[in-house]
Amino acid sequence: MKDILLKKFAQVFGDAEGAKVYFAPGRVNLIGEHTDYNGGHVFPCALTIGTYGAARKRTDNKLRFYSMNFEKLGVIESSLEELTPSKGAGWTNYPKGVMWAFGERGMKMSQGMDLLLLGNIPNGSGLSSSASVEVLTGYILRDFFGYEVENQDLALIGQYSENHFNMVNCGIMDQFAIAMGKKDCAIFLDTADLSFEYAPIALKGAKIVIASSNKKRGLGDSKYNERRSECETALAELQQEVEISSLGDLDEETFEKHKEAIHSDVRRKRAKHAVYENRRTIRAVEALKRNDVEEFGRLMNASHVSLRDDYEVTGMELDTLVEEAWKIPGVIGSRMTGAGFGGCTVSIVKDDSIDDFIKQVGKAYEAKIGYAADFYVVEIGDGPAEL
Ligand code: GLA
């Protein structure tokens, strides 16, 4: 991979002298969905697929970007004076956002750079290709300019750039999972205070299979922000009765006792999901620790039902993938993963059922939806690195 990138770098930017090659993973969330902006727990892991980048510092303040995933766009030129978001800048808004966010923290770049990217995360699949580019950029900036930031800061800076430069009000999960990734481990993260613990994922005789719905994201981002504000309103209503600082502070019982403080059925359902999903995540990690993978799977399934019925972020494509998966013996658990409204599902499937799973779910999906899904048997990898 390193050679491919350096060769292309030389082709695009003249030569590859002094260029270095880096990698940042994508992520998949095993359980704990739409809890990260509600002060709850999440349980994601970094993948071995992600974004590769070749980069070189320049002596002037120019920025030159090239993506091997969007070759038609050619070299996109900009400069350190132009670190403002713009529609026409396309994917370069992600690295530029991170450069801007470093500047906001008093780490202004003194020189520009040439940056070439190649991602092998399926396009727009909800495996966090944008967060991967953000963390990758931060990692490169730290290496080039010696900024004193930890990997956890790279996550926070990435999220800051996404929130304030790219205007997506996301939580911390994606960037954190990528910046802090650890081979064969998922990260049990409490988003209320960023305390976390690595939990080994040793699935004896089973693997993690991702199914991409290939549904084009449409209203996704605006619906995401809508869910966030529904939860914020529900929290404010509950706070009239109970002393909590986030929905993640509630257990199921306390929620049931005070739920009438929320004055709308819809908001009550949203809050219910946030509360129950957080508790499910805690229980799922406990189950995993005592090697009860079956219980982990049941909690994954319950997570999907809650995202479908109470949080209403699934849609026909994701529901079809999951409901077809549930029919296959050998599927331990299956649910949508990420923001929803399209994107992917994550399933834990026994080794000897994986072929059947891909064949049968794929066939049923295409028959019902009219186009094909893609399947990936994935592995859990490390965080960002220089190659
Ligand atoms: C997206 C966001 C995350 C998280 C998930 C839902 O991936 O970027 O912060 O909220 O959706 O769990």
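**Entry 1: T337**

I began with T337, which is buried, with a relative accessible area of 2%, and I note here that the model I am reading is a predicted one. I count T337 as buried because its value falls under the cut-off of 20% relative accessible area. I then looked up where T337 sits, and found it in strand 10, which covers residues 331-337. Its side chain reaches the backbone oxygen of N29 at 2.8 Å. When I set aside the neighbours within four places in sequence, I found T337 in contact with V28, N29, E33, C344, T345 and V346.

**Entry 2: the ligand**

E33 came up again when I turned to the ligand, since the residues around the ligand are R27, E33, H34, D36, Y37, C170, G171, M173, D174, Y224, G338 and A339. Sorting this shell by class, I have five nonpolar, three polar and four charged residues.

I next looked up some distances to oxygen atoms of the ligand. A polar side-chain atom of E33 lies 2.6 Å from an oxygen atom of the ligand, and a polar side-chain atom of R27 lies 3.0 Å from an oxygen atom of the ligand. For A339 I noted a backbone N or O atom, which lies 3.4 Å from an oxygen atom of the ligand. Taken alone, the ligand exposes 310 Å², and the protein buries 93% of that.

**Entry 3: the nonpolar cores**

I then asked myself which residues have the most contacts inside the largest nonpolar core. They are F102, M109 and M113, in a core that has 44 residues. Several elements each supply at least two residues of this core, among them strand 1 (20-29), helix 2 (93-104), strand 6 (113-119) and helix 4 (151-164). Helix 3 gives the most to this core, with nine residues.

I followed M113 further and, not counting residues up to four places away in sequence, found that M113 touches A55, R56, K57, R58, K62, L63, R64, M99, I140, L141 and F144. There is also a second, separate core of 30 residues, which includes V28, L127, A199 and F296. V28 was already in my notes as one of the contacts of T337.

**Entry 4: S213**

My last question was whether S213 is buried or exposed. S213 is buried, with a relative accessible area of 0%, although I found S213 in a loop, the one between strand 9 (206-212) and helix 6 (220-238). Leaving aside the neighbours within four places in sequence, I listed the contacts of S213 as E317, L318, L321, G342, G343, Y365, Y371 and A372.

Terms used
Residues are numbered from 1 along each chain as its sequence is written. This is a predicted model: local features need pLDDT of at least 70, side-chain atom pairs count only at pLDDT 80 or more; totals for chains, interfaces and linings use all residues. Side-chain values use heavy atoms; hydrogens and water are left out. Helices (H or I, at least four residues) and strands (E, at least two) are DSSP runs, numbered from the N terminus. Buried means under 20% relative accessible area, exposed over 50%, partly exposed in between (1.4 Å probe, protein chains only). Contact means heavy atoms within 4.5 Å. A nonpolar core is a set of buried Ala, Val, Leu, Ile, Met, Phe, Trp, Tyr and Cys residues joined through side-chain atoms within 4.5 Å. A residue is near a molecule or strand if one of its heavy atoms lies within 4 Å of it. A polar contact is a pair of N or O atoms within 3.5 Å; within protein, one must be able to donate a hydrogen and the other to accept it, and residues adjacent in sequence count only if both atoms are side-chain atoms. Accessible areas come from the Shrake-Rupley method with a 1.4 Å probe; for residues, only the protein chains shown count as cover. Ala, Val, Leu, Ile, Met, Phe, Trp, Tyr, Cys and Pro count as nonpolar, Asp, Glu, Lys and Arg as charged, and the others, Gly among them, as polar.
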